Amino acid sequence: MTIATPYPAVGIAYRAAIDQWTRDHLGDFDVLEITVDHCIHGGRAVRSAIYDLVGRIPLTAHGIGLSIGTDAPLDEGYLDQVAEIIERLKAPAYSEHLAFNRVPGQDLATFLPVPKAEAVAAAIITKVRCVQSRIPVPFLLENIAYLFDWSDSTFSDADFLNLICGETQTGLLLDVENLLLNSRNHRFDPYEFLDSLTAGIVKEVHLAGSATVDEDFLARPYFVDSHSHPVPDEALDLLEYALTRHAPANIIIERVARLDAVSELLDDVARVRARLANPIGHTHGQSTFESTN
C-alpha cells in the first residue's frame with residue numbers, strides 16, 4: 001500500500017497493456033482507476049491481474065458499458081455484475097458517462113451526447129436512481145466530449161448536469177480535457193462552465209491529452225479526445241480553477257494510445273502534484289477564453 005499523500009489523490013487509469021510498468025511504479029501513484037468492463041470482458045488473465053492489485057493500492061471504479069442515455073431500460077444483469085466487481089475491488093465510488101454508446105442490438109463504439117432537454121433529464125434521473133438502488137457506493141456521472149449537439153437541447157451543459165446531479169445527489173466526474181475540447185470545438189468559455197456548476201458537485205477528475213485533426217474538408221481544426229498525449233497546460237489551468245470550488249477525492253490521468261511513451265504519465269502526475277502544492281490562483285477573462293479558440 002502506498003503512503004498517504006495530501007488530498008486529493010493523484011493516479012492513473014489502469015491499462016492491461018502496461019500492467020508490469022504500472023506495478024513497477026505503484027509507489028508513484030496514490031490511486032488507480034479500474035474500468036469494470038475490463039473485469040467483465042477482459043478474460044481470466046486480465047481479471048487476475050486487476051484483482052491482484054486489491055490491497056496494494058487504493059482503487060476506484062469506472063465504467064464504459066452502462067449507456068445510461070439509451071432510450072431503453074437499463075441492463076440490470078450488467079449492473080449486478082458491476083456491483084460484484086466494485087465489492088471485490090473495494091472501490092469507494094463508481095462512475096459512468098452521461099451519454100449513450102449503444103442502441104438496441106448495436107454497440108456504437110463511441111460516446112454520443114443526449115439531448116439536453118427536460119424530458120431526457122427526467123428519464124436519466126429515473127435511471128440514476130435505479131443504478132443507486134443496485135450499486136452500494138456513490139455513483140458519479142462524467143461529462144463527455146461531443147462532436148455535435150442536438151437541436152432540441154434547451155439546457156446548457158452545466159445546467160443539465162446540475163439538474164440531474166441535484167435531483168439524485170449524484171456527484172460529477174469532471175473530465176477537464178473533455179471540457180477543454182468542447183469549449184474549443186463549440187466555442188464557449190470553459191471557465192463560465194466551471195462557474196455555473198453547483199459548488200462541491202465534482203467528486204473525481206479525469207485529465208488526458210488530445211489530438212488535433214486538420215483536414216482539407218474541415219472548416220477549421222477539430223480537437224479530438226484521443227487520450228494519447230501529455231495533459232496540456234490549459235487543462236491544468238482549468239483544474240486549478242475548478243479546485244477553488246470543489247474537493248474531488250481523486251484526480252485520474254488517462255492514457256489509451258502512444259503507450260510506448262508511457263513515461264509521460266509520470267511527468268503528468270508530477271505536474272498535477274506541483275499545481276496542487278503551489279496553486280497560482282488563476283483568474284480568467286476574455287483573453288484566457290480567446291487563447292483557447
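Salt bridges, a pocket and a surface patch

In this predicted model, R258 and E264 are joined by a salt bridge, with 3.1 Å between the closest N and O atoms. The two partners differ in their cover: R258 has a relative accessible area of 31% and is partly exposed, whereas E264, with 18%, is buried because the limit for that class is under 20%. Elsewhere, salt bridges with shared partners bring D19, R23, D52 and R56 together in one network. Side chains of opposite charge can pair when their charged atoms come close. The count of salt bridges in the model comes to 15.

Another of these pairs is E76 with R134, where the closest N and O atoms lie 3.1 Å apart. E76 belongs to helix α4 (residues 76-89) and R134 to helix α5 (residues 118-134), so this salt bridge ties together parts of the chain that are 58 residues apart in sequence. E76 counts as partly exposed because its relative accessibility is 39%. R134 also counts as partly exposed, at 28% relative accessibility.

K116 and D157 form a further salt bridge through their side chains, at 3.1 Å from N to O. K116 sits in the loop between β6 (106-112) and α5, while D157 is in helix α6, and the pair links these distant parts of the chain across 41 residues. What is the relative accessibility of K116, and is this residue buried or exposed? K116 has a value of 8%, so this residue counts as buried. D157 counts as buried too, its relative accessibility being 17%.

The loop between β7 (139-142) and α6 (157-168) holds F148. With L147 and W150, F148 makes up a nonpolar patch on the surface, and the accessible area of the three together is about 300 Å². F148 itself counts as partly exposed because its relative accessibility is 31%.

The last feature is a pocket. The second largest pocket has a volume of about 220 Å³. Its lining consists of 18 residues, and those nearest the centre are L59, T60, P92, A93 and N250. Two elements, β3 (59-62) and β9 (202-207), each contribute two or more residues to this lining. Which classes of residue line the second largest pocket? Twelve of the lining residues are nonpolar, three are polar and three are charged.

Note on methods: Residues are numbered from 1 along each chain as its sequence is written. This is a predicted model: local features need pLDDT of at least 70, side-chain atom pairs count only at pLDDT 80 or more; totals for chains, interfaces and linings use all residues. Side-chain values use heavy atoms; hydrogens and water are left out. On a 1 Å grid over the protein atoms alone, a cavity is a set of points where a 1.4 Å probe fits but cannot get out, and a pocket is an open set with protein on both sides within 12 Å along at least five of seven lines; lining residues have an atom within 4 Å of a point. Grid points are joined across faces, edges and corners, and a volume is the space filled by probe spheres set on the points. Helices (H or I, at least four residues) and strands (E, at least two) are DSSP runs, numbered from the N terminus. Ala, Val, Leu, Ile, Met, Phe, Trp, Tyr, Cys and Pro count as nonpolar, Asp, Glu, Lys and Arg as charged, and the others, Gly among them, as polar. Patches are made of residues with over 30% relative accessible area and no salt bridge: like charges are joined within 9 Å, nonpolar side chains (Val, Leu, Ile, Met, Phe, Trp, Tyr) within 5 Å. Accessible areas come from the Shrake-Rupley method with a 1.4 Å probe; for residues, only the protein chains shown count as cover. A salt bridge is a side-chain nitrogen of Lys or Arg within 4 Å of a carboxyl oxygen of Asp or Glu. Buried means under 20% relative accessible area, exposed over 50%, partly exposed in between (1.4 Å probe, protein chains only).
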